[in-house]
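Dear colleague,

I am passing on the structure we spoke about, and below it you will find a short account of what came out of looking through it. Please keep it open beside the text as you read.

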Amino acid sequence: MRTIAINVEKGGAGKTTIACHLAWLLADAGHRVLVLDLDRQCNATDALSDFESLGSCKPLFEADYAAPAELPRLAIYSNRMGGEYDASYPTALGNVRKNFPVLNPHFDFCIIDTPPSWSWINFAALLICDHLIVPVELGPFGPAATKQVSDSIATVNQRRTKPIHVAGLVPNRVRPNDSHQMKMLEALKSKVGKNLFTNYLPERAHYSQAIQEHVPVWRFGKDVRSSLPPMRAFLEEAMTRIGSEG
């Protein structure tokens with residue numbers, strides 16, 4: 001099982017939109033897909049109505065986890081925890097690190113959606129993922145959030161046997177007609193180089209509307225000629241970047 005986390009320490013950056021569309025892409029390709037919805041708002045759980053609920057992800061953070069006897073091809077664990085491990089998170093982190101490999105034989109991919117601010121839950125996501133995609137907003141707070149993720153990766157890598165593969169940073173909600181954003185995009189390109197996705201996601205209402213309708217944008221019942229090609233291009237690049245690393 002290959003595990004892809006979508007993480008940036010900022011709300012409204014489009015993590016859930018990206019996580020859901022990756023899950024739908026892999027599901028449509030016939031893969032066995034697990035989604036770990038670690039955001040307590042559980043928006044991905046609501047959007048992915050075609051994935052079978054496995055209930056709360058709480059068992060993954062407890063000792064002696066055992067996978068269900070039968071697992072569906074498309075499944076989702078949701079963060080229905082109420083903060084019970086917030087005071088004893090080191091034990092919970094140790095448990096999830098031990099428990100998560102139990103799911104490896106049952107799925108081809110796991111997609112992890114993460115909370116909007118740093119916590120031990122984000123730490124858990126980075127601890128167990130293979131690959132990381134970082135959405136970036138071209139606004140006044142986007143670069144700071146990106147720097148925070150970089151610092152968090154360095155911290156988590158101290159606890160890992162193999163460093164996280166950062167698939168890349170993807171500019172999201174980009175307005176091509178906004179000259180200020182275009183200048184920020186060029187500055188970001190010069191700073192991070194090949195770590196920046198070639199394809200960005202423009203600001204399109206269709207993406208959030210499709211999520212609200214529980215479908216990917218390619219099954220959304222609207223004229224998506226302006227929104228589908230950039231999403232397809234991003235997803236293709238994402239899988240290429242992920243596929244290049246074991």
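Please bear in mind throughout that this is a predicted model. I begin with one helix and its surroundings: among the elements that cover the buried residues of α3 is α4, which comprises residues 120-128. The helix α3 itself takes in residues 89-99, and its buried residues are Ala92, Leu93, Asn95, Val96 and Asn99. These residues lie on the same side of α3, because the arc they cover around the axis is only 165 degrees. Pro90, Thr91 and Lys98, by contrast, are exposed on the other side of α3.

Next comes the sheet, which is open and is formed by seven strands in the order β3-β4-β2-β5-β1-β6-β7, with parallel pairing. At its edges are β3 (52-56) and β7 (165-172), each of which pairs on one side only. On average, neighbouring strands of this sheet are turned by 20 degrees against each other, direction ignored. If you would like to follow one pairing in detail, strand β6 (residues 131-137) runs parallel to β7 and is joined to it by seven bridges, and Val134 has Leu169 in β7 as its bridge partner.

The other helix that I looked at closely is α8, residues 228-243, whose 16 residues should span 22 Å at 1.5 Å a residue, and this agrees with the 22 Å that separate its end C-alpha atoms. Its buried residues are Pro230, Met231, Phe234, Leu235, Glu237, Ala238, Arg241 and Ile242. Seen down the axis of α8, they fall within an arc of 165 degrees, so these buried residues line one face of the helix. The face turned away from that buried side carries Glu236, Thr240 and Gly243, which are exposed.

What do the buried residues of α8 pack against? Their partners are β1 (2-6), α1 (15-28), β6, β7 and α7 (205-212), and so two of the strands described above, β6 and β7, appear here again.

The pairing of α1 with α8 can be described further, since two packed helices are described by the angle between their axes and the distance between the axes. The axes of α1 and α8 come within 11 Å and cross at roughly 75 degrees, which makes α1 roughly perpendicular to α8. On the α1 side the contact is made by Thr17, Ile18, His21, Leu22, Leu25 and Leu26, and on the α8 side by Met231, Arg232, Phe234, Leu235, Ala238 and Met239.

With best regards

How values were computed. Residues are numbered from 1 along each chain as its sequence is written. This is a predicted model: local features need pLDDT of at least 70, side-chain atom pairs count only at pLDDT 80 or more; totals for chains, interfaces and linings use all residues. Side-chain values use heavy atoms; hydrogens and water are left out. Two strands pair if DSSP finds at least two bridges between them. Helices (H or I, at least four residues) and strands (E, at least two) are DSSP runs, numbered from the N terminus. Axes are lines fitted to C-alpha atoms, for helices over the stretch in contact, and angles run from 0 to 180 degrees between N-to-C directions. Buried means under 20% relative accessible area, exposed over 50%, partly exposed in between (1.4 Å probe, protein chains only). The arc is that of the directions from the helix axis to the C-beta atoms. Contact means heavy atoms within 4.5 Å. The expected span of a helix is 1.5 Å times one less than its number of residues. Angles under 35 degrees count as roughly parallel, over 145 as roughly antiparallel, 65 to 115 as roughly perpendicular and the rest as oblique.
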